[in-house]
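Please look over the sequence and the model below before reading on. The report that follows goes through the fold, the surface and the charged pairs in turn.

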Amino acid sequence: HNFLKQKLQVYLIRMQKQTPDIYFDELDKLCVVDPEVTGDSTRLRDECKSFLVSVDEFHALISGFIDKIDTLGSLVEKEKLKAIGARIKLHSVEKVREQRKQELKIRASVKRNQLDRLAKELASWRQCEKEQMEEIDKFSNLN
């Protein structure tokens, strides 16, 4: 084999300009491509495979991350709606409380007015009673 290999290499060197490059690999097989280029191609192929595995792993990781973000987004949206509902309810309770306060103020005002009116009426009746008592005393003293 070595003898043939050497003869072929010598022949190929002579014919270098006329024929394509021919090489022998480590198993003494004829190759048209330079073993260095073949090695580089093999390394590139392996690196590409490794890169594709990394990209697939990255894609899986990102998919999981996106799923978690979507889940958290849904939870945030639910909590946001709860908060909006609670705010509306609180606002409603405040309105009801304010209305109740206004109603109580009005009732208190009405009661105060009634009290003032009744106090004046009582004062008037007492004045009337006093005057009648004076009239009775006058008639009693005349006799």
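In what order do the elements of the protein run from the N terminus on? They run α-β-β-α, where helices (H or I, at least four residues) and strands (E, at least two residues) are DSSP runs that are numbered from the N terminus. In total, the secondary structure comes to two helices and two strands.

This is a predicted model, in which local features need a pLDDT of at least 70 and side-chain atom pairs count only at pLDDT 80 or more, while totals for chains, interfaces and linings use all residues. Residues are numbered from 1 along each chain as its sequence is written, and side-chain values use heavy atoms, with hydrogens and water left out.

**Exposure**

Of the 143 residues of the protein, 2% count as buried, a word that stands for under 20% relative accessible area, whereas exposed stands for over 50% and partly exposed for the range in between (1.4 Å probe, protein chains only). The protein exposes about 13500 Å², and carbon and sulfur atoms supply 60% of this area; accessible areas come from the Shrake-Rupley method with a 1.4 Å probe, and for residues only the protein chains shown count as cover.

**Salt bridges**

Side chains of opposite charge can pair when their charged atoms come close. The structure holds five salt bridges, each defined as a side-chain nitrogen of Lys or Arg within 4 Å of a carboxyl oxygen of Asp or Glu. Among them are the three in this table.

| Acidic residue | Basic residue | N to O distance |
|---|---|---|
| D40 | R43 | 2.1 Å |
| D46 | R45 | 3.5 Å |
| E121 | R117 | 3.6 Å |

Why are D40 and R43 separated by about one helical turn? The reason is that D40 and R43 are three residues apart in helix α2, which covers residues 35-142. D40 is partly exposed at 39% relative accessibility, and its partner R43 is partly exposed at 47%.

E121 and R117 are likewise separated by about one helical turn, because they lie four residues apart in helix α2. Here E121 has a relative accessibility of 36% and counts as partly exposed, while R117, with a relative accessible area of 46%, is partly exposed. In the remaining pair of the table, D46 is partly exposed at 38%, and R45 is partly exposed at 44%.

**Surface patches**

Patches are made of residues with over 30% relative accessible area and no salt bridge, with like charges joined within 9 Å and nonpolar side chains (Val, Leu, Ile, Met, Phe, Trp, Tyr) joined within 5 Å. Which residues make the nonpolar surface patch of about 480 Å²? This patch is made by F65, I66, I69, L72 and L75. One of these residues, I69, has its place in helix α2 and counts as partly exposed at 43% relative accessibility.

A negative surface patch is formed by E131, E134, E135 and D137. For such patches, Asp and Glu count as negative and Lys and Arg as positive, whereas His and the chain ends are not counted; the place of a charge is taken as NZ of Lys, CZ of Arg, CG of Asp or CD of Glu. E135 is found in helix α2 and is partly exposed, with a relative accessibility of 39%.

**Cysteines**

A disulfide is a covalent bond between the sulfur atoms of two cysteines. With the rule that a pair of cysteine sulfur atoms must lie within 2.5 Å, the count comes to zero disulfides. C48 is partly exposed with a relative accessible area of 39%, and C128 is partly exposed with 29%.
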